[in-house]
Amino acid sequence: MNFTRKYTEEERLNMVEEALQYGSNSLVAAKYNINPGLLSRWKSCYRKYGQTLMQKKPKKLDGPIPDYKKQCALLTKEKRELELEIAVLKDMLKKKI
């Protein structure tokens, strides 16, 4: 059975700051019963990003959207239709009240 612990950012920050204060990953890792390598990785991210998890890399686009002007026109038309439908429904609600 695999068991994975989840630590909040605050808990990780406390552990990292404690490790930085005492200068020993091993002691702090033993205290919290975690792998010293994990604590080392958290410290590295903390130094680099100011947080204990690595920042996500931005997604790369596959390429430009083909016929984006046509796509924009279709979405604009759909938006107008939905706005009209909302206006009609609001008007019907007013008449029922």
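# A guided tour from helix α4 to the nonpolar core

Begin by selecting Leu84, which has its place in helix α4, and keep in mind throughout the tour that what is open in the viewer is a predicted model. With a relative accessibility of 57%, Leu84 counts as exposed. Extend the selection to Val88, Leu89 and Met92, and you have the other members of a nonpolar patch that Leu84 helps to form on the surface, the four residues together having about 370 Å² of accessible area.

Stay on helix α4, which covers residues 68-96, and turn to its charged side chains. Select Lys79 together with Glu83: these two form a salt bridge in which the closest N and O atoms are 3.3 Å apart. The two residues are four places apart in the helix, so that about one helical turn separates Lys79 from Glu83. Colouring by accessibility would show Glu83 as partly exposed, at a relative accessible area of 41%.

Next, select Asp91 and Lys95, whose side chains meet in a salt bridge with an N to O distance of 3.5 Å. Here too the partners lie four residues apart in helix α4, with about one helical turn between Asp91 and Lys95. Asp91 is partly exposed, its relative accessible area being 38%, whereas Lys95, at 66%, counts as exposed.

How many salt bridges does the model have under the rule used here? The count comes to four, and the next one to visit leads away from helix α4 to another part of the chain. Select Glu18 and Lys31, whose side chains meet in a salt bridge at 2.9 Å, N to O. Because Glu18 belongs to helix α1 (residues 9-22) and Lys31 to helix α2 (residues 25-32), this pair ties together parts that are 13 residues apart in sequence.

Is each partner of this pair buried or exposed? Glu18 has a relative accessibility of 13% and therefore counts as buried, the cut-off for that class being under 20%, while Lys31 is exposed, with a relative accessible area of 55%. If you now display the surroundings of Glu18 and set aside its neighbours within four places in sequence, the residues in contact with Glu18 are Val28, Lys31 and Tyr32.

Val28 is a convenient way into the interior, as it is one of the nine residues of the largest nonpolar core. To show this core in full, select Tyr7, Met15, Val16, Ala19, Val28, Ala29, Ile34, Leu39 and Trp42. The elements that contribute two or more residues to it are α1, α2 and α3, and among the contributors α1 gives the most, with three residues.

Within the core, centre the view on Trp42 and ask which residues it is in contact with, once its neighbours within four places in sequence are left aside. They are Tyr7, Arg12, Met15, Val16, Ile34, Gln51 and Thr52; of these, Tyr7, Met15, Val16 and Ile34 are also listed as members of the core.

For the last stop, select Arg41, which is placed in helix α3 (residues 36-49). Arg41 is exposed, with a relative accessible area of 51%. Add Val16, a residue of the core, and draw a distance between the two C-alpha atoms: Arg41 and Val16 are 25 residues apart along the chain, and their C-alpha atoms are separated by 9.7 Å.

Note on methods. Residues are numbered from 1 along each chain as its sequence is written. This is a predicted model: local features need pLDDT of at least 70, side-chain atom pairs count only at pLDDT 80 or more; totals for chains, interfaces and linings use all residues. Side-chain values use heavy atoms; hydrogens and water are left out. Buried means under 20% relative accessible area, exposed over 50%, partly exposed in between (1.4 Å probe, protein chains only). Patches are made of residues with over 30% relative accessible area and no salt bridge: like charges are joined within 9 Å, nonpolar side chains (Val, Leu, Ile, Met, Phe, Trp, Tyr) within 5 Å. Accessible areas come from the Shrake-Rupley method with a 1.4 Å probe; for residues, only the protein chains shown count as cover. Contact means heavy atoms within 4.5 Å. A nonpolar core is a set of buried Ala, Val, Leu, Ile, Met, Phe, Trp, Tyr and Cys residues joined through side-chain atoms within 4.5 Å.
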